[in-house]
There are 2 protein chains.
Amino acid sequence: LEITTLGIGSASPHKERHPSATLVKVANDLLLIDCGEGTQYRLLENRIKTKRLKYIFISHLHGDHYFGLVGLLSSLNMNKRTEELIIYGPVGLKKLLNLQFSLSDTKLNFKISIKVTNPDTAEELLNNDSLLIHTFPLKHRISCTGFLIAQKAAKRKVLTDLLPSDFPAAYFKMLSDGQSVNDTHTGKFYKNTDFTSDGEESKTFAYCSDTIFDTEIVKHIKNVDLLYHEATFLETEKNRAKITFHATASEAAQIAKLAQVKQLLLGHFSARYDSLDLFLEEAAAVFPNTLLAEQGKSVII
Amino acid sequence: LEITTLGIGSASPHKERHPSATLVKVANDLLLIDCGEGTQYRLLENRIKTKRLKYIFISHLHGDHYFGLVGLLSSLNMNKRTEELIIYGPVGLKKLLNLQFSLSDTKLNFKISIKVTNPDTAEELLNNDSLLIHTFPLKHRISCTGFLIAQKAAKRKVLTDLLPSDFPAAYFKMLSDGQSVNDTHTGKFYKNTDFTSDGEESKTFAYCSDTIFDTEIVKHIKNVDLLYHEATFLETEKNRAKITFHATASEAAQIAKLAQVKQLLLGHFSARYDSLDLFLEEAAAVFPNTLLAEQGKSVII
């Protein structure tokens, strides 16, 4: 599970910080969470193969989280994409995209499925062989959801060295799926745990942007491997954070501590701060295993 | 009249070329023509004082000409703008902006007047002390207008050295407005042409993007000081230009020649070309006084 932050800024533009956009790489698939203005140029700069982009998640409809979406979709279309794209986002997004495509007389070459997220309760969005994805409510000025992405545990690892040469290749999948094998041709029995070891563990990533300091979210993100939490302000602007439904670096760290996550990644920094050193200092005092998001840089879980 | 091109690319994104956006400086006012994705960041990079931005003109609703508009307006609002902003653009733009502001629950601190342009006929948009602005139809895949911006001739220059010391200051404006002055107190008569010389001449700028090669536009842009004309393709892609309702560098130069403009500025280059040298070569063979638009660079008329 590889997390790449493409934008670390917040709503007010900053010359060196792009608005929110985070890529998640899972096996061969790419997921994009939020898509601020200019995200398509960030994908280009970072040489991201958009053919592998399968899902887009939009947390809420403040511009710094989605103004780049229609541009990205238009460019995918111009690049002759044919693969379906699934977009999860708030109600209203579909109407908006349809209006924009209609005004520009754009006919899409690929299918877009837009699925409306529910801002009021945690919800399973996706559950397939490799991914389990949930939303959970965030408290912001408008409806907003967090995302919990779990890369499912890999299958059991088959210990091929222990298998005899007459072991039928057709039974390999049974072993990796955790089943024992009874070879009716030879009468031999292969107990699963004798011939396999544990696969890789499930990896989890939680994304919380934008939100006021809210301990209600802790139960949704317990023990995740990596928590991205917004940190728009420092404690000196704690009151401003509250009024605007944002969090401080220290508050983000408190959430990380309460949820006993393994690592905390801070982003969504206000344009009022030129240096970000104090964000790390403030958060690490509460939760030592904290990182500041860097544009174009990845964290591998 | 100062023209600054902020983006020289076309619809398909190119790593080093931004989409269309052109600033026009007239006295103390700023006008923005088209506003592709990321234009607000271009204004920031070029240290443009957006407080002076008075008018925005959108030629058509293909994304590379307007996807940055809602982001720019949102940021102006966050920066506590209070001055009215007047936007001229195609039908549909108002509905789209209203939907976006409504979805993000944005209340604007400043007034935006959105005036719908007519794509079918030339039309006067604005006529005040310093500016005279017209639209004219362009032939593109969707409704599209060109813009003709005239900075009006400065007032007559008063030859103060020739005026006697008892000339009443209150009559200065009459002279600069071109009137003669009859001083009823002294009985002296001041014939306007004896005490003034011609002011600076009117300056004109025409903006044509996007358009197929179309001699119909020539009559609207006759003799302008500077013509910006799109040149999406080279002559080698002449057929592709025709199909997509775009022009080649040579075609843009033919329009400049037919309209007897003073200078031609080319932009809107397709992402398929990495070097732009051939655009200049191709156009200059037809119309020698040609420039390639450069990002962040200005042409002063």
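Across the interface of chain B and chain A, four residue pairs are in polar contact, both residues at pLDDT 80 or more. A polar contact here is a pair of N or O atoms within 3.5 Å; within protein, one must be able to donate a hydrogen and the other to accept it, and residues adjacent in sequence count only if both atoms are side-chain atoms. This is a predicted model, in which local features need pLDDT of at least 70 and side-chain atom pairs count only at pLDDT 80 or more, while totals for chains, interfaces and linings use all residues. Residues are numbered from 1 along each chain as its sequence is written, chains are lettered from A and ligands numbered from 1 in the order in which they are written, and side-chain values use heavy atoms, with hydrogens and water left out.

**The interface**

How many salt bridges does the rule find across the interface of chain B and chain A? The count is zero, where a salt bridge means a side-chain nitrogen of Lys or Arg within 4 Å of a carboxyl oxygen of Asp or Glu. The helices α1 (39-45), α2 (69-78) and α3 (93-103) of chain B each supply at least two residues of the side that touches chain A. Helices (H or I, at least four residues) and strands (E, at least two) are DSSP runs, numbered from the N terminus.

In total, 36 residues of chain B are in contact with 36 residues of chain A, contact meaning heavy atoms within 4.5 Å. The size of an interface is often given as the accessible area lost when the parts come together. Between chain B and chain A, about 3000 Å² is buried, with carbon and sulfur atoms giving 64% of that area. Buried area is the accessible area (1.4 Å probe) that two parts lose on being put together, summed over both.

**How the copies are related**

Chain B superposes on chain A with an RMSD of 0.2 Å after a rotation of 179° and a shift of 0.1 Å along the axis. The two copies are thus related as by a two-fold rotation axis. The same surface serves both of them, since 100% of the contact residues of chain B recur in chain A. Superposition is by least squares on the C-alpha atoms of residues with pLDDT of at least 70 in both copies. Within chain B, the residue that comes closest to the rotation axis is B:Gly38, its C-alpha lying at 2.8 Å.

**The seven-stranded sheet**

Strands of a sheet pair through backbone hydrogen bonds, either parallel or antiparallel. In this report, two strands pair if DSSP finds at least two bridges between them. Chain A has an open sheet of seven strands with mixed pairing, in the order β6-β5-β4-β3-β2-β1-β18. Its edges are β6 (112-116) and β18 (297-300), each of which pairs on one side only. Neighbouring strands of this sheet are turned by 20° against each other on average, direction ignored; axes are lines fitted to C-alpha atoms, for helices over the stretch in contact, and angles run from 0 to 180 degrees between N-to-C directions.

Helix α2 of chain A lies across β3, β4, β5 (85-89) and β6 of chain A, and runs at about 165° to β4(A). Chain B also has an open sheet of seven strands, with the order β6-β5-β4-β3-β2-β1-β18 and mixed pairing.

Three strand pairs give a view of the pairing:

| Strand pair | Sense and bridges | One facing pair |
|---|---|---|
| β3 (29-33) and β4 (53-57), chain A | parallel, four bridges | A:Leu30 and A:Leu53 |
| β3 (29-33) and β4 (53-57), chain B | parallel, four bridges | B:Ile33 and B:Phe57 |
| β7 (123-127) and β8 (131-138), chain B | antiparallel, four bridges | B:Asn127 and B:Leu132 |

The strands β7(B) and β8(B) form a hairpin, with three residues between them.

**Backbone details to check**

Most residues other than glycine have a negative phi, and most peptide bonds are trans. The bond from A:Ser209 to A:Asp210 is cis, with omega near 0°, and A:Asp210 is found in the loop between β14 (203-208) and β15 (226-230) of chain A. In chain B, a cis peptide bond joins B:Ser209 and B:Asp210, with omega about 0°. A:Lys80, in the loop between α2 and β5 of chain A, has a positive phi near 65°.
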